[in-house]
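Subject: Structure handover

Hi,

Here is the structure I promised you. Please open it next to this email and follow along.

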Amino acid sequence: MYQKEILENGIRIVSEEIPFANSVALGVWVRTGSRNEDEDNQGVSHFLEHLLFKGTTRRTARQIAEELEAVGGVINAFTTKEYTCFYSRVLAEHLDLAIDVLSDMFFNSLLAPEDIEKEKRVILEEIKMYEDSPDELIHDLFARTIWPGHPLGRAILGTYETVAALNRDLIYRYYQEQYNCANIVLAAAGKFNTSELIVKLEASFGRQRRPGKAAQFHPPVNRAATSMQVKDTEQVQICLGVPGLAQDDPAIYAVQALNNILGGGLSSRLFQLIREERALAYSVYSYHAGFGDSGLFTVYAGTSPDNYRQVVQLVLEELASLKNNGVTEEELKRTKDQIRGNLLLGQESVSQRMSRLGKTEVSFGRVITAEEVIERLNQVTRDDVQALAQRLFRPEYLSLTALGPEVEPLDLAAIASSAGL
């Protein structure tokens, strides 16, 4: 069972003791990401994530990297569109060190001008590397196709121009406003005593007073469009999809089942049809990305230019089949068992348990346990899945983005019609 405490300054703590574990995973989750940025400071969330590793009033960047690694631990961070996470995993005997390093980074970082200029060069190289990875780049291009001009349609890394223009004043202002106590969740899972953990976190995080500024969001306006970006590659990267569900939509569990059946694994319809039966792609899958007030349901495939139209046709035929015919009882049972198995296997990892605690608390204001997910998923029926497919897979919602060698433009509406969508 997990425990939840709220410190006097508003920072939330969610924790789960696992007595049989040897380690502890500790995460500092902040409800801020690229969605909190405006057009002029794109990439600042990710930039700030990097900067907190570059030295504090007590530690150099090298010491931050070495102190936890020296005892066999790990420390890292990541930025998403709606939250940022700094985390560490250590043996239980080194929990105090992990707390000290993370809190030091979080509240005492120098954000030195020389570090900003140095890290700017690193991140610009990261952007170049990302743009040289078409199978990753295509997903950002697809979000931009559906949500042009909206923060959710922008790349988390920012652009070359916006990152190059970032300065200390802008970064520090963003840090003070967004890394406020109301936005912070501390999540821990592993071998510890909860009462002792809270005392330690109170001593290191509870003293801070940072009121910050409440974020104001507006949902994106969905656009159905087809776009093609020419790039000198061997394959055409394809993203085809529709607007999805907000993460708190009642049908979110049905979308998990729908996605898993369509393209969520090796036994999925798309993998079996496009890769195993037709040999048209090495990589083909689907995914649903849910945000606070919106979402994207996407099918991805990488294929040769000669097979571009055929792959799009086959994907649309599968969407039409789900919409018109639904799923079988066997498919639904298999996908429920698969999701349940993945969730319960993940529970064997203290890092996975910490991530579930932190992610759900920072996103929903409460912890959603694996057991709750399984219970809700078990309530999903075949009618629920088909009704959701009928809600999402409508021709007027379809968007397509392609990246690679120039190919003949597709009439997506005509192909969808011929596919029975």
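Start with residues 12-159. The C-alpha atoms at the two ends of this span lie 33 Å apart. Helix makes up 43% of the span and strand 19%. Keep in mind that this is a predicted model. The label for residues 12-159 comes from UniProt, where an unreviewed entry lists "domain: Peptidase M16 N-terminal".

UniProt also has an annotation for residues 166-338. There the unreviewed entry gives "domain: Peptidase M16 C-terminal". The end C-alpha atoms of residues 166-338 are 45 Å apart. This span is 42% helix and 21% strand.

Next, the aromatic rings. The count comes to 17 aromatic pairs. One of them joins Phe86 and Phe106. A pair of aromatic rings is described by the distance of the centres and the angle of the planes. For Phe86 and Phe106, the centres are 5.8 Å apart and the planes are at 85°, which is edge-to-face. Phe86 sits in strand β5 (residues 84-91), and Phe106 sits in helix α3 (residues 95-108). The pair therefore ties together parts that are 20 residues apart in sequence. Both Phe86 and Phe106 are buried.

Phe106 has another ring partner, Phe107. That pair is edge-to-face too, with 5.2 Å centre to centre and 80° between the planes. How accessible are Phe106 and Phe107? Phe106 has a relative accessible area of 1%. Phe107 has 10%. Buried means under 20%, so Phe106 counts as buried, and so does Phe107.

Now zoom out from these pairs. Which residues do ring pairs link into a cluster with Phe106? The cluster holds Phe53, Phe86, Phe106, Phe107, Tyr172, Tyr175, Tyr179 and Phe205.

Leu26 is a good next stop. Find Leu26 in strand β3 (residues 23-30). Is Leu26 buried or exposed? Its relative accessibility is 2%, so Leu26 counts as buried. What does Leu26 touch, leaving out residues up to four places away in sequence? The contacts are Phe86, Tyr87, Ser88, Ala98, Ile99, Leu102, Ala187, Ala188 and Met354. Phe86 is the residue you met above in strand β5. Also look at Cys85. Leu26 and Cys85 are 59 residues apart along the chain, yet their C-alpha atoms are separated by 10 Å.

Two helix pairs come last. Take helix α9 (residues 252-263) and helix α15 (residues 382-392) first. Their axes come within 9 Å and cross at roughly 85°. That makes α9 roughly perpendicular to α15. On the α9 side, the contact uses Ala254, Val255, Ala257 and Leu258. On the α15 side, it uses Asp384, Val385, Leu388, Ala389 and Leu392. By class, this contact has eight nonpolar residues, no polar residues and one charged residue.

Then go to helix α12 (residues 329-346) and helix α14 (residues 370-378). These axes come within 10 Å and cross at roughly 175°. So α12 and α14 are roughly antiparallel to each other. From α12, the contact takes Lys336, Ile339, Arg340, Leu343 and Leu344. From α14, it takes Ala370, Val373, Ile374, Leu377 and Asn378. The contact of α12 with α14 divides into seven nonpolar, one polar and two charged residues.

Best wishes

Methods
Residues are numbered from 1 along each chain as its sequence is written. This is a predicted model: local features need pLDDT of at least 70, side-chain atom pairs count only at pLDDT 80 or more; totals for chains, interfaces and linings use all residues. Side-chain values use heavy atoms; hydrogens and water are left out. Axes are lines fitted to C-alpha atoms, for helices over the stretch in contact, and angles run from 0 to 180 degrees between N-to-C directions. Helices (H or I, at least four residues) and strands (E, at least two) are DSSP runs, numbered from the N terminus. Angles under 35 degrees count as roughly parallel, over 145 as roughly antiparallel, 65 to 115 as roughly perpendicular and the rest as oblique. Contact means heavy atoms within 4.5 Å. Ala, Val, Leu, Ile, Met, Phe, Trp, Tyr, Cys and Pro count as nonpolar, Asp, Glu, Lys and Arg as charged, and the others, Gly among them, as polar. UniProt positions are given in the numbering used here, feature names are shortened, and annotations may be inferred rather than shown by experiment. Rings of Phe, Tyr and Trp (its six-membered ring) pair if their centres lie within 6.5 Å; planes under 30 degrees apart count as stacked, over 60 as edge-to-face and the rest as tilted. Buried means under 20% relative accessible area, exposed over 50%, partly exposed in between (1.4 Å probe, protein chains only).
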